[in-house]
Amino acid sequence: MGTIQIMDEVLSNKIAAGEVVERPASVVKELVENAIDAGSSIIEVFLEEAGLTSIQVVDNGNGMDEEDALKSFSRHATSKIEKEQDLFRIRTLGFRGEALASIASVSKVTLKTSDGTNSGIELYLEGGHVKEQKPTAFRKGTDMTVAQLFYNTPARLKYLKTIQTELGHTIDLINRLALGYPAISFRLVHNGQTLLHTNGRGNVQQVLAAIYGAHNAKKMIAFEGQSNDYKVYGFATLPEVTRASKNYMSLFVNGRWVKHYLVQKAIVDAYHTYLPIGRYPIVVLYIEGDPQLTDVNVHPAKHQVRLSKEPELLRLVEDTVRSAVRGEIHVPLVERKEKPVKLPSEQMNIWKQPSFDTKKMDDLVQRLNEEKSVIRETVYEKPIETAASFERPQPAIEEPVEIDNSPEEEVALPSVPVAPPEPKKEPFPQLEVVGQIHGTYIVAQMEDGFYLIDQHAAQERIKYEYFREKVGEVNPNERQALLLPLTFHYSADEALILKEHAQALEQVGVFLEEFGYGSFIVREHPAWFPKGFEQEIIEELIEQVLGTKKADVKKLREEAAIMMSCKKSIKANYYLTKEQMVRLLDDLRAADNPFTCPHGRPVLVHFSTYEVEKMFKRVM
Ligand code: ADP
Ligand code: MG
């Protein structure tokens, strides 16, 4: 007797399901794409528990008659490919004809559909088997409910992440589909709450507003360009609106959402020097070309695309986006207030003096850099070794010096915590201020030589330690109400991440109140927030959470303190009075680690008397 058996169809569907149906979002994708293929203009997606309990997709498309409804669940049932060469001219989304069969094999499906010629039909399937079939009154269109996904394949359930993660995948997907089909009205509802609703009027900017908030959509500029083989168009944010992730650049090739690293890179290159490092624009880019040039069948999930004449396309994308973005920028983005610092003449440059022992300095700088990583982790407990050892200084108890670049503005500079610092391994030298050079470095001396202190780095360190302590103990009574509440707008998936991490954000002083989906209001903040920077700081902290999608409170505090310390520290080319310099050094001496700034750069460097004497050949 032969041992080869034809595999039971339901079993083979279950195996195929492993490939097609990975998570709730993949079911939503298949169902919504079918609805699109059926010519729908309104598609509604209702999820319960991120789709694990139930996924319902309702459309107003062509629907199916009884025969097609029954056929649609068998493998390779498709109305979309007639001949093999059609594969090369795919314009519709589905074409493998196995999605419904696969989904039905791992869930309990209820289908109601009608093609409008007869009253509708209702089918109920369990594990791919039709259990019930009856006529039903249904308008033209389809209503498909997939319940208890993976109920018969518990191993797959194990791979699913949290509800929030699974929901996040679906939100991403619907956002992309809404951008891909602005003429279709999409609604996504989760546990009764509407997360996204687009109006289907074909206006991409309105879709962008629904997803990213009107506030951000207003800051997006339209672009359009054409080459021999391709047409590109879309919207891109002005460089002032950025995100910490590349996920906000959505690409569509002939209506299909794709991932394409090089096209993304071409977009980022278009912004060259206009974006801060690690920041990306929000962009929607539509690419149109002969379907023969675009091979979308590279990957089963169909997200990858192989493009012919790629260099031509990349150039087109970069040039088009660049001219649109730059055309809109009238004011230089980075305003340099400082005058350029003149370099000292060659003879005066002690660094170039052949007899000067720069090695020691280099070693110090290198050590500091090596320490940097350690310091970040040990939260700056480890002082940097310096050449000399000094007596342990008294902690300064005075208020730190208040210095500001804009004299007309009132700056409330915080006072340094007066509690005696932990005993330091390396005490800070008791220095006498001599003066200041280039409005940037303080020169100070003691018997064994002199020091150059970077005033900006010094103040950053002082403020960092102040804010680190403040952020470490956000006190609800220390809040200050804002005269005008701040509002923030985020996309549904971002809002989800923020809600998930609301507690962590509160622990660094960001009190978000939700109002309407995707929008948050901030009415108050801790009293010690750097004045005039409240919005910027809250935004940056939110971005921090969105960028990493997690909120390690310890890291967030660390980032918050660094961020705040940078905000109003004295910059280069700012002249200080002697009294201000003395106070700055006193405050620095009281710091836990006065030797490096929060970014790990040295605050001060030492020139020993011996080195100076050697330079002048007083000693050999
Ligand atoms: P494919 O989309 O690759 O053809 P599917 O398994 O996703 O395969 O769907 C099988 C068939 O069922 C489709 O070709 C289509 O004829 C029909 N169908 C599925 N969903 C719908 C819908 N929402 N409206 C109308 N027809 C549908
Ligand atoms: Mg399909």
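# Reading a predicted model, feature by feature

Q: Leaving aside its neighbours within four places in sequence, which residues is N216 in contact with?

A: Once you skip the neighbours within four places in sequence, N216 is in contact with V241, R243 and H489. Keep in mind as we go that this is a predicted model.

Q: And where does N216 lie, and is N216 buried or exposed?

A: Start with the element, then check the accessibility. N216 lies in helix α8, which covers residues 214-217. Buried means under 20% relative accessible area. N216 has 5% relative accessibility, so N216 counts as buried.

Q: Okay, let's zoom out. How many helices and strands does the chain have?

A: The secondary structure comes to 18 helices and 22 strands.

Q: What percentage of the residues of the chain count as buried?

A: Of the chain's 620 residues, 50% count as buried. As for the accessible surface, the chain has about 31100 Å² of it, and 51% of that belongs to carbon and sulfur atoms.

Q: How should I read contacts between residues that are far along the sequence? What share of them join residues at least 24 apart?

A: Take the contacts between residues at least 6 apart in sequence: 71% of those join residues at least 24 apart.

Q: Now the inside. Which residues touch the most other members of the largest nonpolar core?

A: Here's the general idea. In soluble globular proteins, nonpolar side chains tend to be buried together. In this structure, the largest nonpolar core has 60 residues, and L31, V32, F73, I174, L179, F186 and L208 touch the most other members. Helix α6, residues 163-180, gives this core its largest share, seven residues. The core also draws at least three residues from each of domain 1 (9-197) and domain 2 (219-335).

Q: Can we pick one member? Which residues does F73 touch?

A: Leave out residues up to four places away in sequence, and F73 touches L100, A101, A104, V109, L111, L123, L125 and M144. Apart from the core we just discussed lies another one, with 34 residues, among them A504, I537, L541 and V545.

Q: Let's follow L541, then. Where is its place, and is L541 buried or exposed?

A: L541 has its place in helix α15, residues 534-548. Its relative accessible area is 0%, so L541 is buried. Not counting residues up to four places away in sequence, L541 touches L505, V508, V510, L556, A560 and M563. For L541 and L556, we can also compare sequence with space: they are 15 residues apart along the chain, and their C-alpha atoms are separated by 7.6 Å.

Q: What about empty spaces? How many cavities of 30 Å³ or more are there?

A: The count comes to two cavities of 30 Å³ or more. The second largest cavity holds about 40 Å³ of space. To read a cavity, look at what lines it: here the lining is Q193, L195, A492, A495, K499, E514, Y517 and G518. Two or more lining residues come from each of β8 (193-197) and α13 (492-500). The largest share of that lining, three residues, comes from α13.

Q: E514 caught my eye. Where is its place, and what does E514 touch?

A: The place of E514 is in strand β20, residues 513-514. Leaving out residues up to four places away in sequence, E514 touches Q193, K499, S519 and F520. Its relative accessible area is 37%, so E514 is partly exposed. E514 and H489 are 25 residues apart along the chain, with C-alpha atoms separated by 10.0 Å.

Q: Next, backbone angles. Which value of phi does N254 have?

A: The thing to look for is a positive phi in a residue other than glycine, and N254 has one, near 45°. N254 lies in the loop between β11 (249-253) and β12 (256-258). With 26% relative accessibility, N254 counts as partly exposed.

Q: What is the phi of K309?

A: K309 is not a glycine, yet its phi is positive, about 50°. K309 has its place in the loop between β15 (306-307) and α10 (310-328). At 45% relative accessibility, K309 counts as partly exposed.

Q: Last one: where is R601 found?

A: R601 is found in the loop between α17 (578-590) and β22 (604-608). Its relative accessibility is 45%, so R601 counts as partly exposed. Leaving aside neighbours within four places in sequence, R601 is in contact with F595 and T596. R601 and D454 are 147 residues apart in sequence and 9.8 Å apart in space, C-alpha to C-alpha.

Definitions and conventions. Residues are numbered from 1 along each chain as its sequence is written. Chains are lettered from A and ligands numbered from 1 in the order in which they are written. This is a predicted model: local features need pLDDT of at least 70, side-chain atom pairs count only at pLDDT 80 or more; totals for chains, interfaces and linings use all residues. Side-chain values use heavy atoms; hydrogens and water are left out. A nonpolar core is a set of buried Ala, Val, Leu, Ile, Met, Phe, Trp, Tyr and Cys residues joined through side-chain atoms within 4.5 Å. Buried means under 20% relative accessible area, exposed over 50%, partly exposed in between (1.4 Å probe, protein chains only). Helices (H or I, at least four residues) and strands (E, at least two) are DSSP runs, numbered from the N terminus. Domain bounds come from an automatic or database domain assignment. Contact means heavy atoms within 4.5 Å. Accessible areas come from the Shrake-Rupley method with a 1.4 Å probe; for residues, only the protein chains shown count as cover. On a 1 Å grid over the protein atoms alone, a cavity is a set of points where a 1.4 Å probe fits but cannot get out, and a pocket is an open set with protein on both sides within 12 Å along at least five of seven lines; lining residues have an atom within 4 Å of a point. Grid points are joined across faces, edges and corners, and a volume is the space filled by probe spheres set on the points.
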